[in-house]
Amino acid sequence: MGSDIQDSPESVPPPETPASDLKDALLGVDRIRAGRILRDASAASSPISCIETLVVPVLEEIGRDWEQGQAALSQVYMSGRVCEEIVSTMLPPGSPERISQPRIAVSVLEDHHTLGKQILLAVLRSGGYEVIDYGSGVTVDGLVERAIRDRVEILLVSTLMLPAALRVKEAVARIREAMPEIRVIVGGAPFRFDPRLGQETGADAVGYTASDTLAIVRAMTGAI
């Protein structure tokens, strides 16, 4: 009698896919492996297709894992940075394939925390977007002046403390006097604690995570 025994479906591991392979590489901060995966995917399609169908969905999945307590904030940050580095070799800054319109800028208003902004920058740039970085500790006057000068179309404002979040309303009102069509996305701890705060500032949307904000930007860029 033959003794061929097949594994039950439960014992067969799911097949590796480029997405799962990339996610494992990013969570393990394996730049070499991640770079190989993305270069292979890019060669089979195009850099932009690779970014849209592989990089962005994987970063969004890692962001959701963090929301559910299945990934560390450091893993979200490093995943974004690794992808940003690799994407910069695939699409160097200034590349015509990069998404440079509409003009996007990010700023930390009146606070000097940078981690959240750096994660957001890495995720947006990994998504192929050109982003102007206004840095941290920016005053209302400075933000208004720079946004108007640069003709920013989508402005992302991050805050750490409630007093700074409350100043966003003034900044948004002053900027919109000069540029009524500007879109504003706010984020940071105060907006997570009070969902109504985003509306009170006059912002168009609230980004609760970097991946959430990326999805909002992608929706807005499709509408502008």
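User: Which word describes how α2 and α4 lie to each other?

Analyst: This is a predicted model, in which local features need pLDDT of at least 70, side-chain atom pairs count only at pLDDT 80 or more, and totals for chains, interfaces and linings use all residues. Residues are numbered from 1 along each chain as its sequence is written, and side-chain values use heavy atoms, without hydrogens and water. Helices here are DSSP runs (H or I, at least four residues), with axes fitted to C-alpha atoms over the stretch in contact and angles from 0 to 180 degrees between N-to-C directions. For α2 (residues 31–44) and α4, the axes come within 10 Å and cross at roughly 45°. The two are therefore oblique (neither under 35, over 145, nor 65 to 115 degrees). Their crossing is right-handed (near helix turned clockwise from the far one).

User: What about α6 and α7: oblique or roughly parallel?

Analyst: The axes of α6 (residues 140–149) and α7 (residues 162–178) come within 9 Å and cross at roughly 30°. They are therefore roughly parallel to each other, and α6 passes α7 in a right-handed crossing.

User: Where does the largest pocket lie?

Analyst: A pocket is an open set of 1 Å grid points where a 1.4 Å probe fits, with protein on both sides within 12 Å along at least five of seven lines; lining residues have an atom within 4 Å of a point. Here, domain 1 (16–90) and domain 2 (104–221), with bounds from an automatic or database assignment, both give lining residues, so the largest pocket lies between them.

User: Which residues lie nearest its centre?

Analyst: Of 31 lining residues, G116, R192, Y208, T209 and A210 lie nearest the centre of the largest pocket. The largest share of the lining, six residues, comes from α5.
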